[in-house]
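Here is a short briefing to read with the structure open beside you. Take the topics in any order you like.

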Amino acid sequence: MGVKDYDYEWMLDRVYSKVPVRLGSGERFVPPKPQVVHIPGKTIIRNFNEISDKLRRDPRIVMRYLLKELAAPGNIDESGALIIHAKFSSSAINTLLSRFIKTYVICPNCGRPDTILRKKGKVWVLICEACGAEQPVKPI
Ligand SMILES: [Zn+2]
(Lines give C-alpha, C1' and ligand atoms only; values in the text may rest on other atoms or scores of the structure.)
Protein backbone atom coordinates (compact mmCIF):
# COMPACT_ATOMS: atom_id res chain seq x y z
CA MET A 1 0.00 0.00 0.00
CA GLY A 2 1.46 3.35 -1.05
CA VAL A 3 1.54 6.41 1.10
CA LYS A 4 -1.21 7.92 -0.97
CA ASP A 5 -3.57 5.01 -0.37
CA TYR A 6 -2.85 5.16 3.29
CA ASP A 7 -3.66 8.84 3.40
CA TYR A 8 -6.87 8.24 1.54
CA GLU A 9 -7.95 5.56 3.99
CA TRP A 10 -7.02 7.75 6.87
CA MET A 11 -9.07 10.56 5.38
CA LEU A 12 -12.05 8.27 4.88
CA ASP A 13 -11.79 7.22 8.52
CA ARG A 14 -11.83 10.84 9.55
CA VAL A 15 -14.83 11.58 7.38
CA TYR A 16 -16.80 8.63 8.65
CA SER A 17 -15.98 9.33 12.27
CA LYS A 18 -17.59 12.74 11.92
CA VAL A 19 -20.80 11.34 10.51
CA PRO A 20 -23.38 10.99 13.25
CA VAL A 21 -23.99 7.33 13.93
CA ARG A 22 -27.59 6.25 14.01
CA LEU A 23 -28.73 3.53 16.31
CA GLY A 24 -29.89 0.41 14.57
CA SER A 25 -33.15 0.50 16.46
CA GLY A 26 -33.53 4.25 16.03
CA GLU A 27 -33.56 4.98 19.73
CA ARG A 28 -31.02 6.73 21.89
CA PHE A 29 -29.07 4.82 24.48
CA VAL A 30 -30.37 5.65 27.91
CA PRO A 31 -28.11 4.37 30.67
CA PRO A 32 -30.13 2.35 33.18
CA LYS A 33 -30.79 4.13 36.44
CA PRO A 34 -29.87 2.17 39.55
CA GLN A 35 -32.65 1.66 42.10
CA VAL A 36 -30.74 2.16 45.31
CA VAL A 37 -32.26 1.29 48.67
CA HIS A 38 -30.68 1.42 52.09
CA ILE A 39 -31.06 -0.88 55.03
CA PRO A 40 -28.93 -0.45 58.16
CA GLY A 41 -25.29 -0.95 57.19
CA LYS A 42 -26.10 -1.96 53.63
CA THR A 43 -26.71 -0.46 50.23
CA ILE A 44 -28.81 -2.44 47.78
CA ILE A 45 -29.04 -1.95 44.03
CA ARG A 46 -32.34 -3.69 43.36
CA ASN A 47 -32.25 -3.71 39.57
CA PHE A 48 -28.63 -4.78 39.34
CA ASN A 49 -29.21 -7.75 37.02
CA GLU A 50 -31.34 -5.59 34.75
CA ILE A 51 -28.59 -2.97 34.57
CA SER A 52 -25.95 -5.57 33.70
CA ASP A 53 -28.30 -7.04 31.09
CA LYS A 54 -28.90 -3.70 29.48
CA LEU A 55 -25.16 -2.99 29.41
CA ARG A 56 -24.53 -6.53 28.14
CA ARG A 57 -21.96 -7.12 30.81
CA ASP A 58 -21.51 -10.04 33.16
CA PRO A 59 -23.04 -8.95 36.51
CA ARG A 60 -19.95 -10.33 38.26
CA ILE A 61 -17.75 -7.95 36.28
CA VAL A 62 -19.93 -4.96 37.10
CA MET A 63 -20.02 -6.05 40.75
CA ARG A 64 -16.26 -6.46 40.88
CA TYR A 65 -15.78 -2.96 39.50
CA LEU A 66 -18.21 -1.32 41.93
CA LEU A 67 -16.94 -3.17 44.99
CA LYS A 68 -13.33 -2.45 44.09
CA GLU A 69 -14.02 1.25 43.63
CA LEU A 70 -16.10 1.42 46.81
CA ALA A 71 -13.60 -0.73 48.70
CA ALA A 72 -16.49 -2.60 50.28
CA PRO A 73 -17.57 -6.24 50.34
CA GLY A 74 -20.78 -7.35 48.71
CA ASN A 75 -22.66 -10.06 46.85
CA ILE A 76 -25.45 -10.64 44.36
CA ASP A 77 -28.52 -12.17 45.97
CA GLU A 78 -30.92 -14.69 44.42
CA SER A 79 -33.21 -11.93 43.10
CA GLY A 80 -30.32 -10.41 41.16
CA ALA A 81 -29.88 -7.44 43.47
CA LEU A 82 -26.42 -6.28 44.48
CA ILE A 83 -25.97 -6.08 48.23
CA ILE A 84 -23.11 -3.82 49.27
CA HIS A 85 -22.10 -4.31 52.88
CA ALA A 86 -21.59 -0.64 53.65
CA LYS A 87 -23.55 2.55 53.28
CA PHE A 88 -23.19 4.64 50.12
CA SER A 89 -25.36 7.41 48.74
CA SER A 90 -27.39 6.93 45.59
CA SER A 91 -25.34 9.62 43.92
CA ALA A 92 -22.08 7.81 44.72
CA ILE A 93 -23.52 4.66 43.09
CA ASN A 94 -24.77 6.68 40.12
CA THR A 95 -21.41 8.32 39.59
CA LEU A 96 -19.56 5.02 39.69
CA LEU A 97 -21.97 3.32 37.36
CA SER A 98 -21.65 6.20 34.88
CA ARG A 99 -17.89 5.87 35.08
CA PHE A 100 -18.16 2.14 34.41
CA ILE A 101 -20.37 2.78 31.37
CA LYS A 102 -18.05 5.45 30.05
CA THR A 103 -14.97 3.23 30.38
CA TYR A 104 -16.28 -0.28 29.77
CA VAL A 105 -19.38 0.09 27.61
CA ILE A 106 -19.36 3.17 25.39
CA CYS A 107 -17.14 3.02 22.31
CA PRO A 108 -14.60 5.88 22.50
CA ASN A 109 -14.55 6.04 18.72
CA CYS A 110 -18.22 6.30 17.77
CA GLY A 111 -19.93 6.78 21.11
CA ARG A 112 -22.23 3.78 20.69
CA PRO A 113 -22.90 1.25 23.46
CA ASP A 114 -22.85 -1.78 21.14
CA THR A 115 -19.65 -3.16 22.49
CA ILE A 116 -18.33 -6.34 23.94
CA LEU A 117 -15.62 -6.69 26.56
CA ARG A 118 -13.11 -9.40 25.85
CA LYS A 119 -10.04 -10.66 27.65
CA LYS A 120 -7.07 -11.25 25.39
CA GLY A 121 -4.58 -12.82 27.73
CA LYS A 122 -3.89 -10.22 30.36
CA VAL A 123 -5.27 -7.43 28.23
CA TRP A 124 -8.91 -6.41 28.28
CA VAL A 125 -10.27 -5.02 25.06
CA LEU A 126 -13.47 -3.13 24.40
CA ILE A 127 -14.65 -4.15 20.94
CA CYS A 128 -17.25 -2.07 19.16
CA GLU A 129 -19.76 -3.93 17.02
CA ALA A 130 -20.95 -0.69 15.46
CA CYS A 131 -17.68 0.68 14.09
CA GLY A 132 -15.18 -2.12 14.71
CA ALA A 133 -12.87 -0.09 16.94
CA GLU A 134 -10.86 -1.95 19.57
CA GLN A 135 -9.76 -0.16 22.68
CA PRO A 136 -7.62 -1.70 25.42
CA VAL A 137 -9.11 -1.00 28.83
CA LYS A 138 -7.87 -1.41 32.38
CA PRO A 139 -8.62 -4.90 33.70
CA ILE A 140 -11.20 -5.05 36.46
ZN1 LIG B 1 -17.63 2.26 17.81
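In what order do the 4 strands of the open sheet run, and is their pairing parallel or antiparallel? The order is 1-2-4-3, and the pairing is antiparallel. Please keep in mind that this is a predicted model. The points below start from that sheet, move to the helices packed around it, and then turn to strands 5, 6 and 7 and to the salt bridges.

**The open sheet**

- Strand 1 (36-39) and strand 3 form the edges of the sheet, each pairing on one side only.
- On average, neighbouring strands of this sheet are turned by 20° against each other, if direction is ignored.
- Strand 2 and strand 4 run antiparallel and are joined by 3 bridges.
- If you would like a landmark in this part of the sheet, look for Ile44, which stands opposite Ile83 in strand 4.
- As a general reminder, the strands of a sheet pair through backbone hydrogen bonds, in either a parallel or an antiparallel way.

**Helix 2 and helix 3**

- Helix 2 spans residues 48-55, and its buried residues are Phe48, Ile51, Ser52 and Leu55.
- These four sit on the same side of helix 2 because they cover an arc of only 95° around the axis.
- Turned away from that buried side is a face that carries the exposed residues Glu50 and Asp53.
- What do the buried residues of helix 2 pack against? Their partners are strand 2 (42-45), strand 3 (74-76) and strand 4 (82-84), together with helix 3 (59-70) and helix 4 (90-104).
- Just after helix 2 comes Arg56, with a positive phi of about 55°.
- Helix 3 lies across strand 2, strand 3 and strand 4, and it runs at about 165° to strand 3.

**Thr115 in strand 5**

- Strand 5 covers residues 115-120 and includes Thr115.
- Is Thr115 buried or exposed? Thr115 has a relative accessible area of 0%, so it counts as buried.
- The side chain of Thr115 makes a polar contact of 2.8 Å with the side chain of Arg57.
- A polar atom of the Thr115 side chain also lies 2.5 Å from the backbone oxygen of Val105.
- Leaving aside residues up to four places away in sequence, Thr115 touches a set of residues that includes Arg56 and Arg57, the run Tyr104, Val105, Ile106 and Cys107, and the run Leu126, Ile127, Cys128 and Glu129.

**Arg118 in strand 5**

- Arg118 also has its place in strand 5, and its relative accessibility of 42% makes it partly exposed.
- Residues up to four places away in sequence aside, Arg118 touches Val123, Trp124, Val125 and Ile127.
- Between the C-alpha atoms of Arg118 and Val137 there are 9.8 Å, with the two residues 19 apart along the chain.

**The hairpin of strand 6 and strand 7**

- Strand 6 (residues 123-128) pairs with strand 7 in the antiparallel sense, over 4 bridges.
- Within this pairing, Val125 stands opposite Pro136 in strand 7.
- The hairpin has 5 residues between its strands, and Gly132 there takes a positive phi near 85°.

**Salt bridges**

- How many salt bridges does a search of the whole structure find? The search finds 4, and three pairs are described here.
- In general, side chains of opposite charge can pair when their charged atoms come close.
- Asp58 pairs with Arg60, with the closest N and O atoms 2.7 Å apart. Asp58 is partly exposed at 29% relative accessible area, whereas Arg60 is exposed at 57%.
- Asp114 and Arg112 meet through their side chains at 2.3 Å, N to O. Arg112 is buried, with a relative accessible area of 7%, while Asp114 is partly exposed at 24%.
- Lys120 forms a salt bridge with Glu134, and their closest N and O atoms are 3.1 Å apart. This pair links distant parts of the chain, since Lys120 belongs to strand 5 and Glu134 to strand 7 (residues 134-137), 14 residues apart.
- Both ends of that link are partly exposed: Lys120 has a relative accessible area of 42%, and Glu134 has one of 46%.

Technical notes
Residues are numbered from 1 along each chain as its sequence is written. This is a predicted model: local features need pLDDT of at least 70, side-chain atom pairs count only at pLDDT 80 or more; totals for chains, interfaces and linings use all residues. Side-chain values use heavy atoms; hydrogens and water are left out. Buried means under 20% relative accessible area, exposed over 50%, partly exposed in between (1.4 Å probe, protein chains only). Helices (H or I, at least four residues) and strands (E, at least two) are DSSP runs, numbered from the N terminus. The arc is that of the directions from the helix axis to the C-beta atoms. Contact means heavy atoms within 4.5 Å. Two strands pair if DSSP finds at least two bridges between them. Axes are lines fitted to C-alpha atoms, for helices over the stretch in contact, and angles run from 0 to 180 degrees between N-to-C directions. A polar contact is a pair of N or O atoms within 3.5 Å; within protein, one must be able to donate a hydrogen and the other to accept it, and residues adjacent in sequence count only if both atoms are side-chain atoms.
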